[in-house]
Amino acid sequence: MKLSQFNFDLPADRIAREPSYWRDEARLMVLHKDSGEIEHRIFKDIIDYFGKGDVFVLNDTKVFPARLYGKKEKTGADIMVLLLRELNREQRLWDVIVDPARKIRIGNKLYFGEDESMVAEVIDNTTSRGRTLRFLFDGPYEDFKEALFALGEPYVPEWVKDKVTPEDRENYQTIFAAHEGAVSAPAASLHFSRELFNRMILKDIDKTFITVHMGIGHFRSVDVEDLSKHRMDSERLIISEEAAEKINRAKRGAGKVLAVGATVMRGLETYVTTTHEVNAFDGWTNKFIFPPYQYSVPDAIVSNFHLPQSTMLMSVAAFGGYQKVMAAYEEALKEGYRFGPYGDALLIV
């Protein structure tokens, strides 16, 4: 398929700037992929489509405050640094994106904080994602990490909102976040509440967690018309033996497996056995899913409404069928659904 086939007109006012007041009361469109039938529900109604023996797979990554604002040495020019991943704990090395990037050179020092007490030096300009910074901090690692994160804010994309608020630190985090490492939040998982988990228990719906440290690769523009030539950024993926066994047990027992979000869809499909079961795994994935593609593990998926030409839309269309998913998106625009990580959700069963 071609990139242009995933284009559509999305007015700016259809992107959600804030989440629903109650996490589980966002709107939920339900697409029946066999018939193409569409229903309009509330997210907490998702359990009406599942029962005993089914398992929800969620992403328990934890978002860290990845966006820092600072100054360049000598010129005092404003800069923004987006922390992507820690490269070396002892040396305080981080893989980052710097904006504006064109005037940042190896050896430049960058200063952060009102008192400019946090200092970083650019030591590499050649990584595929931008720069490598060495933070110059004397003291224990725990003190460094606390000071660094105190200066940062969650990376809520600029196209969602211009200014991040203190409330975003909670809103842009799932209630079950456990393993720090994500730049971006797994949006579909944001809709789950403790009350919804309790209602799942009453229906004997099981759940398990995998960890996919979501970066910004899903938000990057695809710049090739031929999708087979697009290369996704790698993300850390951890599937425990316990999670793999719970997922495989559901499939062996004719239970349904619900993949919650594009990151989980990608993670479950990364290393699959010939019998369509999940392997335990701890490593990296750069899997890019787009139509035509036959999913092996999930029997159902739920994902937020995504932007035009986004890789997340492509992975959803690969599951639900290109024509039916694009028709569902047209219906969502007509019916006033909200798009983006703070927006509404689409369940495909």
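**Exercise 1. Find where Pro100 sits, then work out what is unusual about the peptide bond before it.**

Start with the place: Pro100 belongs to the loop that links β7 with β8, the strand of residues 109–112. Keep in mind that you are looking at a predicted model. Next, check the bond from Asp99 to Pro100: its omega is near 0°, and the bond is cis. As background, most peptide bonds are trans.

Now try another proline. Pro292 is in the loop between β15 (281–285) and β16 (300–304). Pro291 and Pro292 are joined by a cis peptide bond too, with omega at about -5°.

**Exercise 2. Work out in which order the six strands close into a barrel, and how they pair.**

Step one is to trace the ring: the order is β5-β6-β7-β10-β9-β8. Step two is the direction, and the pairing here is antiparallel. Step three is the twist: on average, neighbouring strands of this sheet are turned by 45° against each other, direction ignored.

Then pick one pair to look at. Strand β6 covers residues 78–88, strand β7 covers residues 93–99, and seven bridges join the two. To find your footing, locate Leu82, which stands opposite Ile97 in β7. In general, strands of a sheet pair through backbone hydrogen bonds.

**Exercise 3. Find which strands pair with β12, and in which sense.**

Begin with β3 (residues 55–59): five bridges connect this strand to β12 (residues 206–212), and the sense is parallel. A handy marker is Val55, with Asp206 of β12 opposite.

Now turn to β13, residues 235–239. This strand runs antiparallel to β12, and two bridges hold the pair. Here the marker is Thr211, facing Ile238 in β13.

**Exercise 4. For Glu116 and His276, look up phi and decide whether each residue is buried, partly exposed or exposed.**

A bit of background helps: most residues other than glycine have a negative phi. Glu116 is no glycine, yet its phi is positive, about 55°. You'll find Glu116 in the loop between β8 and β9 (118–124). Its relative accessible area is 38%, and since partly exposed covers the range between 20% and 50%, Glu116 is partly exposed.

His276 goes the same route. Its phi is near 65°, again positive in a residue other than glycine. The loop between α5 (262–270) and β15 is its home. With 39% relative accessibility, His276 counts as partly exposed.

**Exercise 5. Decide how many of the nine residues of α5 are buried, and what this says about the helix.**

Go along the helix and check each residue against the cut-off for buried, under 20% relative accessible area. Among those that pass are Ala262, Val264, Arg266, Leu268 and Glu269. The full tally is nine of nine, so α5 is largely enclosed by the rest of the structure.

**Exercise 6. Describe how α6 and α7 cross, and which residues meet there.**

First, the geometry: α6 (residues 311–320) and α7 (residues 322–335) have axes that come within 7 Å and cross at roughly 120°. That angle falls outside the ranges for parallel, antiparallel and perpendicular, so the two helices are oblique to each other. The crossing is right-handed.

Second, the contact. From α6 come Leu313, Val316, Ala317 and Gly320, and they meet Tyr322, Lys324, Val325, Met326 and Tyr329 of α7. Sort these residues by type and you get seven nonpolar, one polar and one charged.

Technical notes: Residues numbered from 1 in each chain as written. Predicted model: local features only at pLDDT ≥ 70, side-chain atom pairs only at ≥ 80, totals over all residues. Heavy atoms only, no water. Pairing = 2+ DSSP bridges. Helix = DSSP H or I, 4+ residues; strand = E, 2+ residues; numbered from the N terminus. Axes fitted to C-alpha atoms, helices over the stretch in contact; angles between N-to-C directions. Buried < 20%, exposed > 50% of the residue type's maximum accessible area, 1.4 Å probe, protein only. Parallel < 35°, antiparallel > 145°, perpendicular 65-115°, else oblique. Left-handed = near helix turned anticlockwise from the far one by under 90°. Contact = heavy atoms within 4.5 Å. Nonpolar A, V, L, I, M, F, W, Y, C, P; charged D, E, K, R; others polar.
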